[in-house]
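Reader: I would like to go through this protein chain by question and answer. Please keep the answers short.

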Amino acid sequence: MILFNPKKYDGADVDPKTREILLKTIDFFEKKGLKKIKEDDQLSVWYDDFLEFFKKEKVFATLLTPSGYGESDSRWDMWRIAKMNEILGFYGLCYWYTWQVSILGLGPIWMCATEEMKHRAAKLLKDGGIFAFGLSEKEHGADIYGTDMMLYPKGDGTYVARGDKYYIGNGNEAALVSVFAKMADTGEYVFFAVDSKHPSYECVKKISTSGVRQAYVAEFALHDYPITEADILARGQLGWDSSLNTVNVGKYQLGWASIGICTHAFYEAMDHAANRNLYGKFVTDFPHVKKIFTEAYARLAAMRLFGLRACDYMRTADAKDRRYLLYNPIQKMKVTMEGEKVVGLLHEVTAARGFEQDTYFEMAIRDI
Ligand SMILES: Cc1cc2nc3c(=O)[nH]c(=O)nc-3n(C[C@H](O)[C@H](O)[C@H](O)COP(=O)(O)OP(=O)(O)OC[C@H]3O[C@@H](n4cnc5c(N)ncnc54)[C@H](O)[C@@H]3O)c2cc1C
């Protein structure tokens, strides 16, 4: 079967180091168990256990540090990043989210920061740090032209940052937050990095979301946060381009998370229906239920096949090979919308059971 199956996954499609990481990640969640995953979800607790595990196994450092900045087995490789996306989506979107927004936060750093900043980020990754991407603002949403986080020059070559960001994942704990802003004097775009533990950084609140409950989706404010040239990642056109390209790279992950969610929901729905006997028949024997499972499987298989192709184009992308520009938006938009259809179809089978709090399914309904 083309779908990911944690009981059968042997990691034959990746290199030995990646295999070790992926199998240990599966083992972490299998040991944690659905009961505890759901308890933590309902209590909306911060996932210290998961981040501690990732830190111990150097998962962020190995998978999210490009070659040359970390250990010899560290590299940025969309193939193995995609595998991790699928596994994390399979066990819980909130776990995927802290990984996903770290990828976003690292985007402008790896794309255009100084060597000094890149080495700083690599060191923080090695220490188990997580990252954040501070693009969105409450008043402006998708309209990033309207950004009003500002960097004010002090006249001595340094700056202070002032403003507010909204919907920023990991905004409570990030070792570095990449912040998109404008120069107050020229209106030029600028990206700079801040530390969420600095006294001039205020984590205003956790935004309560219906899905990814354990994640910390933050509102944060910078109160005259001191910035030097060393903290600046990019300016002008490069700053603008790196924000859009970070979204390209980062949001590609959404499709894989959706595939992971649908796969788990599919297994749970099948298990429920195959064990439920109504009118002297198993629910899986009802003709319309067979049709639903067939359609859900076909859509999910297509999502995954498309994702694999998109992954190839993300890996080979460069200034000449721009096929990713077609495949990436479809992966992030169409694949995720198909995911909604798959969960919707399966919900017609799980029916009331799909709402019960001890199932993965009710989380899938919220997170998809
Ligand atoms: C759970 C969660 C986590 C998030 N994490 C982060 C994060 O870590 N970092 C971060 O920076 N942001 C994050 N975001 C914010 C996310 O990127 C925003 O949703 C995004 O900025 C869009 O803003 P908005 O949802 O307010 O939509 P709005 O800007 O209010 O847009 C409303 C609607 O207008 C239409 N529209 C807007 N612009 C266009 C356009 N150019 N073309 C066509 N139609 C358009 C669309 O129909 C859109 O749905 C997160 C959001 C959520 C819900």
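The questions below start with the whole chain and then turn to single residues.

Author: One note before we start: the model is predicted.

Reader: How many helices and strands are there in the protein chain?
Author: Both kinds of element are present. The protein chain has 10 helices and 10 strands.

Reader: What radius of gyration does the protein chain have, and why does it agree with a compact globule?
Author: The chain has 368 residues, so a compact globule would come out near 21 Å. The C-alpha trace spans about 80 × 40 × 35 Å along its principal axes. The radius of gyration agrees with the globule value because the chain has 21 Å.

Reader: What share of the residues is buried?
Author: A residue counts as buried under 20% relative accessible area. The accessible surface of the chain comes to about 15800 Å², and 55% of that surface belongs to carbon and sulfur atoms. Of the 368 residues, the buried share is 55%.

Reader: Among contacts between residues at least 6 apart in sequence, what share joins residues at least 24 apart?
Author: The count leaves out pairs under 6 apart in sequence. Of the contacts that remain, those joining residues at least 24 apart make up 72%.

Reader: How far apart are the mean positions of the positive and negative charges?
Author: The chain carries 47 positive and 50 negative charges. Each set has its own mean position. The two mean positions are separated by 5 Å.

Reader: Is Pro-6 buried or exposed?
Author: Pro-6 sits in the segment before α1, which covers 16-43. Beyond four places in sequence, Pro-6 touches Ile-26, Glu-30, Phe-90 and Tyr-91. Its C-alpha is 8.9 Å from that of Asp-27, 21 residues away in sequence. The relative accessible area of Pro-6 is 14%, under the 20% cut-off, so Pro-6 is buried.

Reader: Which side chain makes a polar contact with the side chain of Lys-32?
Author: Lys-32 is in helix α1. At 13% relative accessibility, Lys-32 counts as buried. Leaving out residues up to four places away, Lys-32 touches Ile-37, Asp-40, Asp-49 and Tyr-95. The polar contact, at 2.8 Å, is with the side chain of Asp-40.

Reader: Where is Ile-37, and which residues is it in contact with beyond four places in sequence?
Author: Ile-37 is in helix α1 and is buried, at 4% relative accessibility. Its C-alpha lies 9.9 Å from that of Tyr-47, 10 residues along the chain. The contacts of Ile-37 beyond four places are Phe-29, Lys-32, Tyr-91, Tyr-95, Gln-214 and Met-363.

Reader: What is the C-alpha distance between Gly-146 and Lys-182?
Author: Gly-146 is in the loop between β1 (131-134) and β2 (150-153). Gly-146 is partly exposed, with 21% relative accessible area. Its contacts beyond four places in sequence are Glu-137, His-140 and Lys-182. Gly-146 and Lys-182 are 36 residues apart in sequence, and their C-alpha distance is 9.5 Å.

Reader: What is the phi of Asn-170?
Author: Asn-170 is in the loop between β3 (159-169) and β4 (176-183). Asn-170 is buried, with a relative accessible area of 0%. Its phi is positive, in a residue other than glycine, and is near 70°.

Reader: What is the phi of Val-212?
Author: Val-212 lies in the loop between β6 (201-206) and β7 (217-227). Val-212 is buried, at 13% relative accessible area. Here too a residue other than glycine has a positive phi, and the value for Val-212 is near 30°.

Reader: Which residues is His-347 in contact with, leaving aside neighbours within four places?
Author: His-347 is in helix α9, residues 324-350. With 18% relative accessibility, His-347 counts as buried. The contacts of His-347 are Gly-354, Phe-355, Phe-361 and Ile-365.

How values were computed
Residues are numbered from 1 along each chain as its sequence is written. Side-chain values use heavy atoms; hydrogens and water are left out. Helices (H or I, at least four residues) and strands (E, at least two) are DSSP runs, numbered from the N terminus. The radius of gyration is taken over C-alpha atoms; the globule rule is 2.2 Å times the number of residues to the power 0.38. Buried means under 20% relative accessible area, exposed over 50%, partly exposed in between (1.4 Å probe, protein chains only). Contact means heavy atoms within 4.5 Å. Accessible areas come from the Shrake-Rupley method with a 1.4 Å probe; for residues, only the protein chains shown count as cover. Lys and Arg count as positive and Asp and Glu as negative; His and the chain ends are not counted. The place of a charge is taken as NZ of Lys, CZ of Arg, CG of Asp or CD of Glu. A polar contact is a pair of N or O atoms within 3.5 Å; within protein, one must be able to donate a hydrogen and the other to accept it, and residues adjacent in sequence count only if both atoms are side-chain atoms.
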